[in-house]
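The following account leads the reader through a protein model, from local surroundings to the contacts between chains. Please keep the sequence and the structure in view while reading.

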Amino acid sequence: MADIWVFVEAENELPSTLGLELLTKARSLGTVTVVYLGPESDEAVTTLGEYGAETVFWADVGDALPAAPVAAALAGLIGEHSPDLVLFGQSYTDRDVAGRLAARLGTTLLSNASDVELVDGSVVTTHEIFGGTQLAKATTAGNGTQLVLIRPKSFPAEPGGEATASIHAIDLPDVGGAGAVITERHVEEREGPQLGEAAVIVSGGRGLGSPEAYELIERLAKPLRAATGATRAIVDAGWVPYAKQVGQTGKTVKPDVYIAAGVSGAMQHLVGMKDSKTIIAINKDADAPIFGIADLGVVGDVHSVLPKLIEALESR
Amino acid sequence: MQVVVCVKQIPDPAGTYELDPETHFLVRPAEQVLDDTDRYGVEMGLQLAQASDGTVTLVSMGPTGSMQGIRQALAMGADKAVIVDDDGLKGADALLTARVLAAAIAAEGFDLVIAGTESTDGYSGVLPQMLAELLDVPALTYATSVKTGDGSVTIHRQTASGYDVVEASLPAVVAVTAGVVEPRYPTFKGIMDAKKKPVDTLTVGDLGVDVAMAQTVSAVEDAPEREAGAKIEDEGDAHLRIVELLEQKKVI
Ligand SMILES: Cc1cc2nc3c(=O)[nH]c(=O)nc-3n(C[C@H](O)[C@H](O)[C@H](O)COP(=O)(O)OP(=O)(O)OC[C@H]3O[C@@H](n4cnc5c(N)ncnc54)[C@H](O)[C@@H]3O)c2cc1C
Ligand SMILES: Nc1ncnc2c1ncn2[C@@H]1O[C@H](COP(=O)(O)O)[C@@H](O)[C@H]1O
């Protein structure tokens, strides 16, 4: 059996959804060891076991920025146990740890994978390129431990392991000048349905014309109990907070219905939402790329279509 | 303060990208532009250097070509550029790129290295972290604001739920997000001055980096295509079609 390790970060003190997605996949590839970053809790360990972890290495870095000490500790553990593969999620701290770890071990690191397989003992990853229109398969020569970063929502998160995981605390080394500290944490208010969970998402782009017009997106979301999303163009412009960004550098979503209003459909936006079950697009440019993947494309002005749509839904 | 900004020249994103059918490497035309995301790093570097009477050196790996992208960054105000251009680096993976950039940066000397969060054409998004490990300094990543002072650097680090304030002592690597500052447009004088600024071109031999690379792309295939559905022109009643579809999908 292949020896598969998964890096799992805590989210609200429990294993993150992304981590559980990776565990679900890892289980199908071999025996699973988790490196868990977060406060120690029985509930977290139970959940990890339910998702297939047999062994849990647990690290709590407190207020240190995790990357340097965790990468150093992991390098030691990997040297000792030589797992075949370590899976990380394509998210913040995962990327920081994986990047430092790869440089430390001198092994390459494959980013942005949407799938990972073991073929005759080698690791083969799939990467969506050019906005998901093409798939590249990558392999890495050499037989050391392979490191892969996997995009969120690449696999479903399903419990199914039977193991009661054994837990081991990791000693974190002093990294001297390579360390950094978190001096304050700011959590932004989250209200209403969240992008990661909602069955319906309504997203707006620069075609709305002004920050005020984003209100149309919010009003449309209400009767649909939808989460609201945005393109990077309007996040960078300061119309809405980053937490709403969908796409390559934002969230990856797969709702039942995705409504894109005034969104051109740039490659980097499409990778984050093209796997939605049904896509509805409203754009005044009949040639907008978003229409290439829309199940229903409306060539029209958001300022006339959205108000009528809102009214029709509100009056039901 | 000696600031190094990592910048990349990329094929114009407005055009179509092509892969070499044999190596699967991205085809890079002689005429490449500055990666738009790097303009934020350059601007950040210029502001921090200005505040400390420092200098900004650009470091870039890749084919020099017409140097249009590098000139763009020099025209914004950077003092000089170092380009590592070597045929052996074609298709370099993230780790090899990091080893090359780290060697060039170490040779230049630095207090602060600034990179982007991810490049437009490669988007591995791990370069800054690798660089930091190789240089044995902290990597402050996903920065939406950067301040330096008194031998230290403080950033706002974007997180899934908001942001953290993170502090470290210099030297350090900072990876900035788009939007961290508003990049300036080069002035006419800037563009003229850029032509006279020093540009060093190095090979891997100059840096003593071994170009061994483990990663290969074995195949590229078309993804299963998502069929586009109906496209209708709004004549005042398109919203009804949307309502109909929402009903069909049972979300209302
Ligand atoms: C490294 C990198 C990462 C990136 N990551 C992301 C990411 O994660 N997410 C993301 O979204 N983008 C990302 N981008 C940016 C992306 O390339 C696009 O620039 C962005 O998605 C465009 O946003 P937009 O569709 O709102 O704006 P635009 O491209 O300007 O499109 C606006 C659209 O609105 C239409 N329109 C205008 N007026 C109206 C009207 N009255 N009614 C109806 N339609 C109208 C126009 O026809 C146009 O199609 C990234 C870019 C880079 C380089
Ligand atoms: N070839 C390169 N030359 C200079 N800087 C680079 C190069 N590749 C990546 N970088 C820097 O690293 C950041 C992240 O790139 P990437 O890892 O490709 O997503 C970029 O925004 C650049 O600042």
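Two residues are in contact when heavy atoms of the one lie within 4.5 Å of heavy atoms of the other. The model discussed here is predicted. With that cut-off, His24(B) touches Leu19(B), Val217(B), Ser218(B), Ala219(B) and Val220(B), residues up to four places away in sequence being left out of the count. His24(B) belongs to the loop that runs between strand S2 (9-10) and strand S3 (33-34) of chain B. The relative accessible area of His24(B) is 17%; because buried means under 20%, this residue counts as buried.

The chain around this histidine may be described next. Chain B contains seven helices and 13 strands, and its C-alpha trace extends over about 65 × 45 × 40 Å along the principal axes. Of the 252 residues in chain B, 50% are buried. When contacts in chain B between residues at least 6 apart in sequence are considered, 71% of them join residues at least 24 apart.

One salt bridge in chain B shows such a link across the sequence. Lys80(B) pairs with Asp200(B), and the closest N and O atoms are 3.6 Å apart. Lys80(B) lies in strand S5 (residues 80-84) and Asp200(B) in strand S11 (residues 199-202) of chain B, so the salt bridge ties together parts that are 120 residues apart in sequence. Asp200(B) is partly exposed, at 33% relative accessibility.

Which surroundings does Asp38(B) have, given that this residue is buried yet has no salt bridge? Asp38(B) is part of helix H1 (residues 38-51) of chain B. The nearest side chain of opposite charge is that of Lys8(B), at 7.8 Å; a salt bridge would require a nitrogen and a carboxyl oxygen within 4 Å. Beyond residues up to four places away in sequence, Asp38(B) touches Cys6(B), Val7(B), Lys8(B) and Gly116(B).

Chain A offers two local examples. Helix H1 (residues 17-27) of chain A has nine buried residues out of 11, so this helix is largely enclosed by the rest of the structure. Among the buried residues of H1(A) are Leu18(A), Leu20(A), Leu22(A) and Leu23(A), and also the charged residues Glu21(A) and Lys25(A). In helix H6 (residues 232-236) of chain A, Asp236(A) and Arg232(A) are four residues apart and thus separated by about one helical turn. These two residues form a salt bridge, with the closest N and O atoms 3.2 Å apart. Asp236(A) is partly exposed at 32% relative accessible area, and Arg232(A) is likewise partly exposed at 31%.

The account now turns to the place where the chains meet. The size of an interface is often given as the accessible area lost when the parts come together. Chain A and chain B bury about 6,600 Å² between them, and 55% of that area is on carbon and sulfur atoms. On the side of chain A, Tyr92(A), Arg95(A) and Arg100(A) lose the most area to chain B, together 10% of what that side buries. In terms of contacts, 81 residues of chain A meet 69 residues of chain B.

Polar pairing also occurs across this boundary. There are 38 residue pairs in polar contact between chain A and chain B, both residues of each pair being at pLDDT 80 or more. The element that gives the most to the side of chain A touching chain B is H4(A), with nine residues. By class, this side of chain A has 37 nonpolar, 27 polar and 17 charged residues.

How many salt bridges cross the interface of chain A and chain B? The rule finds seven, while the structure holds 22 over all chains. Side chains of opposite charge can pair when their charged atoms come close. One such pair is Arg316(A) and Glu247(B), whose side chains meet at 2.7 Å, N to O. Another salt bridge brings together the side chains of Asp96(A) and Arg157(B), at 2.9 Å from N to O. Asp96(A) lies in helix H4 (residues 92-105) of chain A and Arg157(B) in strand S8 (residues 152-158) of chain B, so this pair joins two chains. Both partners are buried: Asp96(A) has a relative accessible area of 1%, and Arg157(B) has one of 4%.

Definitions and conventions. Residues numbered from 1 in each chain as written. Chains lettered and ligands numbered in written order. Predicted model: local features only at pLDDT ≥ 70, side-chain atom pairs only at ≥ 80, totals over all residues. Heavy atoms only, no water. Buried < 20%, exposed > 50% of the residue type's maximum accessible area, 1.4 Å probe, protein only. Lys, Arg positive; Asp, Glu negative; His and termini not counted. Buried area = accessible area lost by both parts, 1.4 Å probe. Polar contact = N/O pair within 3.5 Å; in protein donor to acceptor, adjacent residues only side chain to side chain.
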